[in-house]
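Good morning, colleagues. I should like to take a few minutes to go through the helices of one model and their contacts.

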Amino acid sequence: MDVLERSHLKVIQAVAREGSLTAAGLRLNLTQPALSHAIRKIENQLGVKVWRREGRSLVLTQAGEWLLSLANRMLPQFELAEKRLEQFGNGERGTLRIGMECHPCYQWLLKVVSPYLERWPKVDVDVRQKFQFGGIGALFSNEIDLVVTPDPLYKAGLKFTPVFDYELVLVVGPQHPLRGEKFISPEQLAGETLITYPVPSERLDIYTQFLQPAGISPRQQKQIETTDIMLVMVAHGRGVTALPGWLVEEYAQRFELSPVKLGKKGIAKQIFLGCRDTDDDIFYLQDFIRFAASHH
């Protein structure tokens, strides 16, 4: 017995649906003699009788009925699979896996993802934060398709696109003595409790660009996972934190918070989207980058 082929199922389904060889041949773009030959070939290849003749009609045998049931289940799956593969090939369907190396950027990402999903109804979005070897390693290992990061690491095979600029600011509560200052110096944080995300200090700009160059450390550091809880703590005088200015503005109505410039010049930052060079032909991925930059 030879392998069952998709073409066998199409012939069985067409003959059963049309009720005659002539009509089935038209559906399959085959002449009646060619279809008769195909029927004989199917039975010879499969080693089983699929039809029996009753007068001028072809009636399915028990094996034929089972094959018809199989055809009715499998052929739509083949058609769907081919359509999906065509959509994948055209960049119309897939899952966009986004890695986050920017904790406060979740608020921004939410505003981008919602309208993006409306633009691409056949594309899903998966957001990941924890990687085995960091965001750049996750790109190289194909764990993710895009990384959101304020600190791009330019390596061969990767490209980074800036999507928006922001200023990192100190955030203080309503009763804090630094409230209303035009800017602060690193020394003014020496006695403070600094609230941060659970990220190593070498990856926090408040340390690398402000405190450490001046040889200053805060009195205490507290790590908190969520932005909302961080800002509740700051609003109630439990410490200070450093966040993008745009995020502080968004929370200003919910919490009584004040931004303060870090140093006379401030700390200017950019958010980048990084992807692999080889993914230039994935339309929905490239459109996300363009849309993210224009949306902000």
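I shall begin with the helices at the N-terminal end and then turn to helix 10. Please bear in mind throughout that this is a predicted model.

Let us start with helix 1, which runs from residue 6 to residue 18. Its 13 residues should span 18 Å at 1.5 Å a residue, and the end C-alpha atoms are indeed 18 Å apart, so the two values agree. The buried residues of helix 1 are His-8, Leu-9, Val-11, Ile-12, Gln-13, Ala-14 and Val-15. Just beyond helix 1 comes Gly-19, with a positive phi of about 85 degrees.

How does helix 1 pack against helix 3, at what angle and with the axes how far apart? The angle between helix 1 and helix 3, residues 32-46, is about 125 degrees, and their axes lie 10 Å apart. The two helices are therefore oblique to each other, and their crossing is left-handed. On the side of helix 1, the contact is made by His-8, Val-11 and Val-15; on the side of helix 3, by Leu-35, Ile-39, Ile-42, Gln-45 and Leu-46. Sorted by class, this contact comprises six nonpolar residues, two polar ones and no charged ones. The three contributors from helix 1, His-8, Val-11 and Val-15, are buried.

Helix 3 also packs against helix 2, residues 21-28, here at an angle of about 95 degrees and with the axes 9 Å apart. Helix 2 is therefore roughly perpendicular to helix 3. From helix 2, Leu-21, Thr-22, Ala-24, Gly-25 and Leu-28 meet Gln-32, Leu-35, Ser-36 and Ile-39 of helix 3. Five residues of this contact are nonpolar, four are polar and none is charged. Leu-35 and Ile-39 thus meet helix 2 and also take part in the contact with helix 1.

I turn now to helix 10, residues 283-295, whose 13 residues reach 18 Å between the first and last C-alpha, close to the 18 Å expected. Buried in helix 10 are Tyr-284, Leu-285, Gln-286, Asp-287, Phe-288, Ile-289, Phe-291 and Ala-292. Which elements cover them? Among them are helix 5 (105-119) and strands 3, 4, 5, 6 and 12.

Let me close with one residue of helix 10, Phe-291. With a relative accessible area of 11%, Phe-291 falls under the 20% cut-off and so counts as buried. Leaving aside residues up to four places away in sequence, Phe-291 touches Val-112, Pro-115, Tyr-116 and Arg-119. Phe-291 and Val-163 are 128 residues apart in sequence, yet their C-alpha atoms are 9.1 Å apart in space.

Key
Residues are numbered from 1 along each chain as its sequence is written. This is a predicted model: local features need pLDDT of at least 70, side-chain atom pairs count only at pLDDT 80 or more; totals for chains, interfaces and linings use all residues. Side-chain values use heavy atoms; hydrogens and water are left out. Helices (H or I, at least four residues) and strands (E, at least two) are DSSP runs, numbered from the N terminus. The expected span of a helix is 1.5 Å times one less than its number of residues. Buried means under 20% relative accessible area, exposed over 50%, partly exposed in between (1.4 Å probe, protein chains only). Contact means heavy atoms within 4.5 Å. Axes are lines fitted to C-alpha atoms, for helices over the stretch in contact, and angles run from 0 to 180 degrees between N-to-C directions. Angles under 35 degrees count as roughly parallel, over 145 as roughly antiparallel, 65 to 115 as roughly perpendicular and the rest as oblique. A crossing is left-handed if the near helix is turned anticlockwise from the far one by less than a right angle, and right-handed if clockwise. Ala, Val, Leu, Ile, Met, Phe, Trp, Tyr, Cys and Pro count as nonpolar, Asp, Glu, Lys and Arg as charged, and the others, Gly among them, as polar.
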